[in-house]
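Biologist: I would like to go through this structure slowly, asking at each step what a word rests on before I accept it. Could you show it to me?

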Amino acid sequence: MDRKGILVVVSGYSGVGKGTLMKELTARYGQYALSVSATTREPREGEADGREYFFKTEEEFEEMIGQGRLIEYARYCDHYYGTPKDYVEEQLSQGRDVILEIEQQGALKVKAKDTDVLMLFVMPPDAQTLVERLRGRDTESEEVIRQRLTQALEESKYVDRYDYMVVNADLDQAVEEVHHLIESQHNMINRNLDFAKQIQTELKDLVG
Ligand code: 5GP
C-alpha cells in the first residue's frame, strides 16, 4: 500500500525545545524529513549553514520571496524566516512526512494554503520552565529573552488554531507522542479510501 507523505507543522514558544524534539524524532524514525529554513538571523555557535538554517542576507531572502521559492515566510524578532518550497515538495512526493518547525504567523499561512496539514503545538510544562530553558541556552541577552517571552504571550492567543498539543516535559515521551499523532493521521479513513475500496471489491468477489 502506497503511503502519501503528510505535511506536519510544529510550532511552540521559543525555548520550548522543539528543535531538540524534532532532531530526536528524525533520528529515531526514518520516515520524517525535517525542512531546513532560510533565515536572515545570525548563526548561533555550533550552527552550520545548510544544516540548522540556510543563512541569508536581507537581499538574498527578498530575492527568494520575489522568485516564489518559499512556501511561507514571516518576520520574527526583526528577522526573516521562511520555508523553501523545492525540498518539501520533493520529499512529500517520495512519501516522506515533512516537518516544518516554524513560528505561528508562518504556520497559519501554511494552514490557510493547504488544509491537509497536521498542526502541532509544543507546550512547556509551565511558563517558568520556559524562562529557565531560554536562560540556560546562554546565547541570548536578557533583552532578547524578554522579547521572546513577549512574543510567546502573543502566540498563546492563537493556539486554538492547532490540532494537537504536545507537552515537552520529558523528551523521550514527547518524541513518542509526536510520532503517534502523525501515525494516527496516516490511519484516517479519508487517507485510505483506495484501500477501503479494494477490500470492498474483494468482499464483493467473495460474496459473489
Ligand atoms: P530561532 O531563531 O530560535 O532558531 O527561531 C525563531 C523562530 O522562528 C522559531 O519559533 C522557529 O520555529 C521559527 N522558524 C524557523 N524557521 C522558520 C520558517 O521557515 N518559517 C517561519 N515562519 N518560522 C520559522
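Modeller: In this predicted model, N168 touches V16, G17, V122, M123, P125, R133 and A174, leaving out residues up to four places away in sequence. N168 itself is found in the loop between β9 (164–167) and α7 (171–186).

Biologist: Why is N168 called buried?

Modeller: The word buried is kept for residues under 20% relative accessible area, and N168 has a relative accessible area of 6%, so N168 counts as buried.

Biologist: What makes the pair of N168 and V16 a polar contact?

Modeller: A polar atom in the side chain of N168 lies 2.9 Å from the backbone oxygen of V16, and the limit for such a pair of N or O atoms is 3.5 Å, so the distance of 2.9 Å falls within the limit.

Biologist: Let us turn to another residue. Why is Q91 called buried, and in which helix is Q91 found?

Modeller: Q91 is found in helix α3 (residues 85–93), and its relative accessible area is 6%; because buried means under 20%, Q91 is given that name. Leaving aside neighbours within four places in sequence, Q91 is in contact with A33, R96 and V98. Q91 and L34 are 57 residues apart in sequence, while their C-alpha atoms are 9.5 Å apart in space.

Biologist: Now the ligand. Which of the residues around the ligand come nearest?

Modeller: There are 16 residues around the ligand, and S37, R41, Y53, Y81 and E103 come nearest.

Biologist: How do you know that Y53, T83 and E103 make polar contacts with the ligand?

Modeller: Each pair of N or O atoms has to lie within 3.5 Å. A polar side-chain atom of Y53 lies 2.5 Å from an oxygen atom of the ligand, a polar side-chain atom of T83 lies 3.3 Å from an oxygen atom of the ligand, and an N or O atom in the side chain of E103 is 2.6 Å from a nitrogen atom of the ligand. These distances of 2.5 Å, 3.3 Å and 2.6 Å are within the limit, so the three pairs qualify as polar contacts. As for cover, the ligand on its own has 510 Å² of accessible area, and the protein covers 96% of that area.

Biologist: What makes the pairing of R28 and E24 a salt bridge?

Modeller: Side chains of opposite charge can pair when their charged atoms come close. The name requires a side-chain nitrogen of Lys or Arg within 4 Å of a carboxyl oxygen of Asp or Glu; R28 and E24 meet at 3.1 Å, N to O, so the pair meets the requirement. Both residues lie in helix α1 (residues 18–28), 4 residues apart, about one turn of the helix. E24 and R28 are also linked with D172 and E176 in a network of salt bridges.

Biologist: Are R28 and E24 buried, exposed or partly exposed, and what makes them so?

Modeller: The middle class runs between the 20% limit for buried and the 50% limit for exposed. R28 has a relative accessible area of 31% and is therefore partly exposed, and E24, at 27%, is likewise partly exposed.

Biologist: How many salt bridges does the structure hold, and how do you know that R161 and D160 form one?

Modeller: The structure holds 13 salt bridges. The closest N and O atoms of R161 and D160 are 3.8 Å apart, and because the cut-off is 4 Å, this pair is included. D160 has a relative accessible area of 62%, which is over 50%, so D160 is called exposed, whereas R161 is partly exposed at 37%. In another salt bridge, the side chains of K157 and E154 meet at 2.9 Å, N to O; K157 counts as exposed at 52%, and E154 is partly exposed at 36%.

Biologist: What makes I199 eligible for a nonpolar surface patch?

Modeller: A residue in a patch needs over 30% relative accessible area and no salt bridge. I199 has 33%, so I199 passes the accessibility limit. I199 lies in helix α8 (residues 193–207), and together F195, I199, L203, L206 and V207 make a nonpolar surface patch of about 520 Å².

Technical notes: Residues are numbered from 1 along each chain as its sequence is written. This is a predicted model: local features need pLDDT of at least 70, side-chain atom pairs count only at pLDDT 80 or more; totals for chains, interfaces and linings use all residues. Side-chain values use heavy atoms; hydrogens and water are left out. Patches are made of residues with over 30% relative accessible area and no salt bridge: like charges are joined within 9 Å, nonpolar side chains (Val, Leu, Ile, Met, Phe, Trp, Tyr) within 5 Å. Accessible areas come from the Shrake-Rupley method with a 1.4 Å probe; for residues, only the protein chains shown count as cover. Helices (H or I, at least four residues) and strands (E, at least two) are DSSP runs, numbered from the N terminus. Buried means under 20% relative accessible area, exposed over 50%, partly exposed in between (1.4 Å probe, protein chains only). A residue is near a molecule or strand if one of its heavy atoms lies within 4 Å of it. A polar contact is a pair of N or O atoms within 3.5 Å; within protein, one must be able to donate a hydrogen and the other to accept it, and residues adjacent in sequence count only if both atoms are side-chain atoms. Contact means heavy atoms within 4.5 Å.
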